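Please walk me through this protein, starting from its open space and working back to the parts that surround it. Plain paragraphs will do.

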Amino acid sequence: MENGCSVVKVPYEEIDPETLDKLIEDFVARTSDDDTSDDKVLLENKMNQVKKHLQKGKAIILFDEISQSCNIFSKDNPVLRFLKL
């Protein structure tokens with residue numbers, strides 16, 4: 001890695017739309033604190049909110065090359081200060 005970091009920022013626009021939807025759905029399911037998370041309308045609303053955050057630059061997608069996994073982070077997440085992206 002040129003920056004010594006195993007984490008790479010992935011522009012959401014470069015992700016296949018179906019794959020992006022699945023990534024967002026997984027993120028919402030993991031981070032939701034609602035007991036009603038199985039409500040389809042609620043899930044779609046939260047997914048749309050995450051998409052808007054990605055579009056506005058309020059959230060980013062990171063790919064960890066070591067674990068081969070993606071995750072979505074709020075742009076103001078303090079952990080991001082320590083990454084050289």
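How much space lies in the largest pocket? In this predicted model, the largest pocket holds about 210 Å³ of space. Its lining is made up of F27, V28, T31, S32, K46, Q49, V50, H53, A59, I72, F73 and S74. Helix 1, helix 2 and strand 3 are the elements that each give two or more residues to that lining. Helix 2 supplies the largest share, 4 residues. Rolling a probe the size of a water molecule over the atoms shows where empty space is left.

To place these elements, consider the chain as a whole. The protein contains 2 helices and 3 strands, and along the sequence they follow the pattern β-α-α-β-β. Of its 85 residues, 25% count as buried. Among contacts between residues at least 6 apart in sequence, 47% join residues at least 24 apart.

Helix 1 runs over residues 17-31. At 1.5 Å a residue, its 15 residues should span 21 Å, and the end C-alpha atoms are indeed 21 Å apart, which agrees. The buried residues of helix 1 are L20, L23, I24, F27 and V28. Viewed down the helix axis, these buried residues fall within an arc of 130°, so they line one face of helix 1. The face turned away from the buried side carries the exposed residues E18, K22 and A29. The cover over the buried residues of helix 1 includes helix 2, strand 2 and strand 3.

Helix 2 can be read in the same way. Its 17 residues, 40-56, should span 24 Å at 1.5 Å a residue, and the 24 Å between its end C-alpha atoms agrees with this. Which residues of helix 2 are buried? They are L43, K46, M47, V50 and L54. Down the axis of helix 2 they fall within an arc of 100°, so here too the buried residues line one face of the helix. On the face turned away from that buried side are the exposed residues V41, Q55 and K56. Helix 1, strand 2 (59-64) and strand 3 (69-74) are included in what covers the buried residues of helix 2. After helix 2 comes G57, whose phi is positive, near 80°.

The buried faces of the helices lead to the interior. In soluble globular proteins, nonpolar side chains tend to be buried together. The largest nonpolar core here has 13 residues, of which L20, I24, V28, V50, L54, I61 and I72 touch the most other members. Helix 1, helix 2 and strand 2 are the elements that give two or more residues to this core, and helix 1 gives the most, with 5 residues. Some of these names have already come up: V28, V50 and I72 are among the residues that line the largest pocket.

I61 is a useful residue to follow through this region. Neighbours within four places in sequence aside, I61 is in contact with V8, K9, V10, Y12, I15, L20, L23, L54, C70, N71 and I72. Apart from the largest core lies another, of 5 residues, among them C5, V7, I60 and L80.

L80 sits in the segment after strand 3. Is L80 buried or exposed? Its relative accessible area is 12%, under the 20% limit, so L80 counts as buried. Beyond its neighbours within four places in sequence, L80 is in contact with I60, L62, F73, S74 and K75.

One of those contacts, L62, belongs to strand 2. L62 is buried as well, with a relative accessible area of 4%. Not counting residues up to four places away in sequence, L62 touches V7, V8, K9, S69, C70, N71, F73, L80, L83 and L85. The C-alpha atoms of L62 and Y12 are separated by 9.7 Å, although these residues are 50 apart along the chain.

The last stop is the loop between strand 2 and strand 3, where Q68 lies. The phi of Q68 is near 55°, a positive value in a residue other than glycine. With a relative accessible area of 57%, Q68 is exposed.

Definitions and conventions
Residues are numbered from 1 along each chain as its sequence is written. This is a predicted model: local features need pLDDT of at least 70, side-chain atom pairs count only at pLDDT 80 or more; totals for chains, interfaces and linings use all residues. Side-chain values use heavy atoms; hydrogens and water are left out. The expected span of a helix is 1.5 Å times one less than its number of residues. Buried means under 20% relative accessible area, exposed over 50%, partly exposed in between (1.4 Å probe, protein chains only). The arc is that of the directions from the helix axis to the C-beta atoms. Contact means heavy atoms within 4.5 Å. A nonpolar core is a set of buried Ala, Val, Leu, Ile, Met, Phe, Trp, Tyr and Cys residues joined through side-chain atoms within 4.5 Å. On a 1 Å grid over the protein atoms alone, a cavity is a set of points where a 1.4 Å probe fits but cannot get out, and a pocket is an open set with protein on both sides within 12 Å along at least five of seven lines; lining residues have an atom within 4 Å of a point. Grid points are joined across faces, edges and corners, and a volume is the space filled by probe spheres set on the points.
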